[in-house]
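The exercises below are meant to be worked through with the sequence and the structure in view. Try each task before reading its solution.

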Amino acid sequence: MSQEVVSVKTEPFDGQKPGTSGLRKNVSVFQQKHYTENFVQSILSCIGPRIKDCTLVVGGDGRFFCKPAAETIIRMCAANGVGKVIVGKDAIFSTPAISVVIRKYNLVGGIILTASHNPGGPNADFGIKFNTSNGGPAPDDVTNSIFEFSKSISEYFIVPGLSVDISTVGVQNFDVSGRKFVVEVVDPVTDYVALMKELFDFDALKDLIKGNGEKSGFKILIDSLSGVTGPYVQRIFVDLLGASPDNVRNVIPLEDFGGKHPDPNLTYAADLVNAMKEGDYNLGAAFDGDGDRNMILGSKGFFVNPSDSLAVLADNLECIPSYKNKVTGYARSMPTSAALDRVGESRKIKVYETPTGWKYFGNLMDAEKITICGEESFGTGSNHIREKDGIWAVLAWLSVVSSHQSSLEDIFKKHWEKYGRNYFTRYDYENCDADKCRQMLEEFESKVLSSSFIGKKYQSSSGKTYVVKLADNFNYADPVDGSIASKQGFRIIFEDGSRYVVRLSGTGSSGATVRVYVESYESSQILEDPQVMLGSLVNIALETLRLREYTGREEPTVIT
Ligand code: G6P
Ligand code: ZN
């Protein structure tokens, strides 16, 4: 029976501007009549003429509202001329896996339903993000045009009666106004696993984990924090690499992530940290809700700072057969520590410095300028896809361990002995008053961007003097297409190379989150506590910002 397309009259909503990574709001915002439809229509209309008979992929991290949103998107795709939608069973798809599918099947793009590491549930967050044909988050020009469209939308198109069953794997065919429309419900894990098997030596990793004869197995503890990675972790680490089911946790995706923040850091993944401290595991890892972020721990809870993780992986890519002799360049986001730069310098490999947001790596990868990249915000990945990839990072680390046959801690010690150590910490002040934060940054800007600020001297409690060498609001010119991203965060750089960076988060859904990133380099004192080493610089940053006065916060919400 043919189903008809309906045009529904609507009016624009304010604020449908995608942030660092898509549109993220409280679920109740998306549940308003026409709100989700308006944004989806804006995405579909901005695809332009290529939408006719194209294939799109849809799926998300399993949080509350993913399933109804996926069904709405499918009905709107049918009405907007899309030929086929690939959807993960029960609307499940990790962000990296969506990127795999877009690239493998040369799709026009995909729609990801996630608010990443933000909490989920009826009273928490939801999000919608559009990825383009390279498999990566839509670049600024695309998200800007989606936002512009949303400001003047007057109707959207939908096939209201289209009844799809997204919980059964298989192909469903529909007739939409005499045109064929196909929905293929797929197992969301299969294509992702196939790619991981191409990239990594699964036999070697299995030997490592299971051990053999005289060598005992390398014990891992993987925590999916009830996010989307559960089924991927189960298939890869348990079924294929032979880890015991006891070595994986929280592998059933829950709509509210068990009421917790699905964010892999020392605060929100504290259970994993404690289990690592108490148990005899060799490597621990956790991922965020949609599976792109990772946190890695060594035995006894040894914390691997994401900036260091990137540097060490970059320095050891030859441990992964598929990357051997194929490294063209490295990249890191501006607030990420310069540990990577030292590897680049020593190996004579160029390092690009981009604004915060994975989307800025996409052009560099498409132009084959970089192979591996990462961010301090627990993101690590490579040119295998155009998203960061949590499980990839664990497989990469296991490959490095398997090739060195030593502990993570020893690998880091050797790395720091060779290159010195970039001590790094990040202070997050979540959900502050947005107006107050704006005022704080205005005052800060006028202070630090005035010419008299250069040369200003600060005294640390240990008697060290920091002299301001450079202060700016970071601007980025994309080396591939020349596009400019301006005002990406304040950098205060001192003469000895220490620095601090201040920016507002682009991923929160309410209030403002202030991030203060602090870094200093030590060539020989490599085994100290970062909080001790950076304490004075942190205070200098907070006092210059007058953060306590403006936000009323004595302590940060999260320290990394
Ligand atoms: C997301 C993006 C990352 C980015 C991070 C920054 O996870 O995918 O690429 O680094 O957000 O978030 P923020 O809250 O600091 O803007
Ligand atoms: Zn994420």
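**Exercise 1. Domains**

How far apart do the C-alpha centres of domain 2 and domain 3 lie? Describe also the side of domain 2 that touches domain 3.

Solution. Keep in mind from the start that this is a predicted model. Begin with the bounds: the domain assignment of the protein chain gives domain 1 as 2–188, domain 2 as 191–419 and domain 3 as 421–559. The C-alpha centres of domain 2 and domain 3 lie 27 Å apart. The next step is to look at the contacts, where 19 residues of domain 2 meet 19 residues of domain 3. On the side of domain 2 that touches domain 3, α12 (359–366) and α14 (408–419) each supply at least two residues, and the largest share, three residues, comes from α12. Sorted by class, that side of domain 2 has nine nonpolar, eight polar and two charged residues.

**Exercise 2. The chain as a whole**

How many helices and strands does the protein chain have, and why can it be called as compact as a globular protein of its length?

Solution. The secondary structure comes to 17 helices and 28 strands. For the second part, compare two values: the radius of gyration of the protein chain is 24 Å, close to the 24 Å that the globule rule gives for 560 residues, and therefore the chain is as compact as a globular protein of that length. Along its principal axes, the C-alpha trace spans about 80 × 65 × 40 Å. Burial can then be added to the picture, since 51% of the 560 residues count as buried. Finally, among contacts with a separation of 6 or more, 73% are between residues 24 or more positions apart.

**Exercise 3. Following a sheet**

In what order do the strands of the open sheet of seven strands lie, and which are the edge strands?

Solution. The order is β21-β22-β25-β26-β27-β20-β28, with antiparallel pairing. The edge strands are β21 (457–459) and β28 (558–559), each of which pairs on one side only.

Now walk inwards from β21.

1. β21 pairs with β22 (residues 465–473) over three antiparallel bridges, and Tyr458 has Tyr466 in β22 as its bridge partner. These two strands form a hairpin with five residues between them, and Gly463 in the turn has a positive phi of about 90 degrees.
2. β22 and β25 pair in the antiparallel sense over five bridges, with Phe490 in β25 as the bridge partner of Asn473.
3. β25 (residues 490–494) is joined to β26 (residues 499–504) by four antiparallel bridges, and here Arg491 has Val501 in β26 as its bridge partner.
4. β26 and β27 run antiparallel and are joined by six bridges, where Val501 stands opposite Tyr517 in β27.
5. β20 (residues 421–432) and β27 run antiparallel and are joined by ten bridges, and Phe424 stands opposite Glu519 in β27.

Why can strand β27 be described as largely enclosed by the rest of the structure? Nine of the eleven residues of β27 (residues 512–522) are buried, and this is why the strand is largely enclosed.

**Exercise 4. The shell around ligand 1**

How many residues surround ligand 1, and how do they divide by class?

Solution. There are 14 residues around ligand 1, and the closest are Trp358, Ser377, Ser505, Gly506 and Thr507. Dividing the shell by class gives one nonpolar, eleven polar and two charged residues.

Conventions
Residues numbered from 1 in each chain as written. Chains lettered and ligands numbered in written order. Predicted model: local features only at pLDDT ≥ 70, side-chain atom pairs only at ≥ 80, totals over all residues. Pairing = 2+ DSSP bridges. Near = placed C-beta within 6 Å. Nonpolar A, V, L, I, M, F, W, Y, C, P; charged D, E, K, R; others polar. Domains from an automatic or database assignment. Contact = placed C-beta atoms within 7 Å. Rg over C-alpha atoms; globule rule 2.2 N^0.38 Å. Buried ≥ 20, exposed ≤ 12 C-beta atoms within 10 Å, placed from the backbone.
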